[in-house]
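Welcome! Let's take a friendly walk through a protein model, looking at its charged pairs, its core and its sheet.

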Amino acid sequence: MSNLSTELQALTLQLTILPEQINKIADKFRQTMLDGLAGKDSPLKMLPSYLSKPSRNETGTFLALDFGGTNVRVLLTELLGQGIFNVEARIASRLKDADGHYNYISDQSTADQLFDFIAMQIATIVKPDANYPLGHTFSFPIHQTGLNTGTLIHWTKEIETTGMDGNDITEMLIAALARQKLTNVLPQAIINDTVGALLTAAYIDQSTTIGSICGTGHNTAYIEPLSPLTKAPMIINLESGNFDQLPFTNYDSQLDANSERPGAQPLEKMVSGHYIGEIVRIIACNLFDASLLSTSPGRNILTTPYLLNGAHLSLLQEDDTEELVLISNWLEGSLHITNSSIEDRKALKTIAALICARSARLVAATYLGIIKHIDPNLEHSHNIAIDGSLYEKMPGYAQDIQITLDQALDGTAAMATTTLTKDGSGIGAAIATAIAINMKS
Ligand code: BGC
């Protein structure tokens, strides 16, 4: 057996999450949820949303502002009740221009500049002669003291915009709207994207109890039957990307050491779209350094941090040609790595598959932890609403989550299904706005 095959076998052992590990991780996750709920030290922030399930009678037309970190989206959404909605207008703009003209997520930008840009996007949709209640999906950990108020705890997903510290996000948005003369846009609610996914799915199907994002970032929210704040059901944002009782490898430590915030978001760094390409790149570099991959001309480009993203891992896994020509064309055409050997390409494909499967299984283990918390006797059906590019587009990802959950719940009366909740983060902001207005009346 070649040295490369031996190394790939070792990697397979290191990176495969076995069924028996799933239950152990789920149990640790459940315990950290309990600690967080009880106010003890916990990697899970268990942030209150001040919302519970929608009644499904929410109606009206609302603006939804969806700020996720890569794009800002604005949707004008009409809610018709009973799970029916209609997106009347939508725009999406990148927060960082590909040609380098602007970048609102770097440390060279201030929060005011960022919010001015966001307000300008809203201006393209609204007309002066109407009022627009707005819901804001802000996909970062925030400390909320009410449905329409919150301060950033810290950035994630490597965002570095300055000037957020301690400032109320809704007030910053209102000030930026005023600078654009948009006093007819009226923020009513601020929510996390996981809460948005959960609200949207529950608006359609009341059996939904968990909402999750598997995209650039990763996180999950669920309906806590007994919120410590209100002693009533409330949607809690777990900020599960910060869960830390996990089987780390040296490659994860390398990624973490060179990240914007070492030590933070350990689960997110193992599973989410922003990072999984980087883990594959780090492993590939290690194989090159050990002379296990052939020294193809141009391979030095692989030393560029964050060269690979989730879409590249999709491409690596989708190539079913015998000689892996799609991978070869991509290596040559996009990365200028010429004369790669078939062994190199097979190795890259194997590593991508291992990292994606590990991601799906770890995520499934956290869902199992939540199910064990809300359904201790494992006797109910649970629908998990998921949005995000990994779940939607990564080959095999959704199936891996489902298979892992099925195996773990086999022999119990409980069942878990997962459903894609496309645009859930944005639509959820409209639903939250309707709920906020109903609460006031
Ligand atoms: C953030 C979460 C968010 C998730 C998905 C994470 O980096 O901390 O608040 O829900 O990304 O967008």
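Is Arg 281 buried or exposed? Arg 281 has a relative accessible area of 8%, so it counts as buried. Keep in mind as you look around that this is a predicted model.

**Charged pairs**

Arg 281 has a partner: it forms a salt bridge with Glu 278. Glu 278 is buried too, with a relative accessibility of 5%. Both residues sit in helix 8 (residues 273–289), and because they are three residues apart there, about one helical turn separates them. Elsewhere, Asp 112, Asp 116 and Arg 179 are joined into one network by salt bridges that share partners.

Why can such pairs form? Side chains of opposite charge can pair when their charged atoms come close. In the whole structure, a search finds 10 salt bridges. Here are some of them:

| Salt bridge | Closest N and O atoms |
|---|---|
| Asp 252 and Arg 358 | 2.8 Å |
| Asp 256 and Lys 269 | 2.7 Å |
| Arg 281 and Glu 278 | 2.9 Å |

Take the pair Asp 252 and Arg 358. Asp 252 belongs to helix 6 (residues 250–257) and Arg 358 to helix 11, so this salt bridge ties together parts that are 106 residues apart in sequence. Both Asp 252 and Arg 358 are buried. Helix 6 also holds Asp 256, whose partner Lys 269 lies in helix 7 (residues 266–271), so that pair links parts 13 residues apart in sequence. Asp 256 is partly exposed, at 22% relative accessible area, whereas Lys 269 is buried, at 6%.

**The nonpolar core**

Now for the inside. The largest nonpolar core has 79 residues, and Tyr 222 and Ile 401 have the most contacts within it. Helix 11 (residues 342–374) contributes the most to this core, with 17 residues. Leaving aside neighbours within four places in sequence, Ile 401 touches several residues, including Ala 360, Val 363, Ala 364 and Tyr 367. Another core, of 35 residues, lies apart from the largest one; among its members are Ile 118, Trp 155, Ile 159 and Val 185.

**The sheet**

Which strands stand at the edges of the sheet? The sheet is open and mixed, with five strands in the order 4-3-2-5-8. Strand 4 (84–94) and strand 8 (185–191) are at the edges, each with a single partner strand, so one side of each has no neighbour in the sheet. On average, neighbouring strands are turned by 25° against each other, direction ignored. Strand 5 (residues 132–138) pairs with strand 8 in the parallel sense over six bridges, and Pro 133 stands opposite Leu 186 in strand 8. Helix 4 (residues 169–179) packs on the sheet, touching strand 2 (59–67), strand 5 and strand 8.

Methods: Residues numbered from 1 in each chain as written. Predicted model: local features only at pLDDT ≥ 70, side-chain atom pairs only at ≥ 80, totals over all residues. Heavy atoms only, no water. Core = buried A, V, L, I, M, F, W, Y, C linked by side-chain atoms within 4.5 Å. Buried < 20%, exposed > 50% of the residue type's maximum accessible area, 1.4 Å probe, protein only. Helix = DSSP H or I, 4+ residues; strand = E, 2+ residues; numbered from the N terminus. Contact = heavy atoms within 4.5 Å. Pairing = 2+ DSSP bridges. Axes fitted to C-alpha atoms, helices over the stretch in contact; angles between N-to-C directions. Salt bridge = Lys/Arg side-chain N within 4 Å of Asp/Glu carboxyl O.
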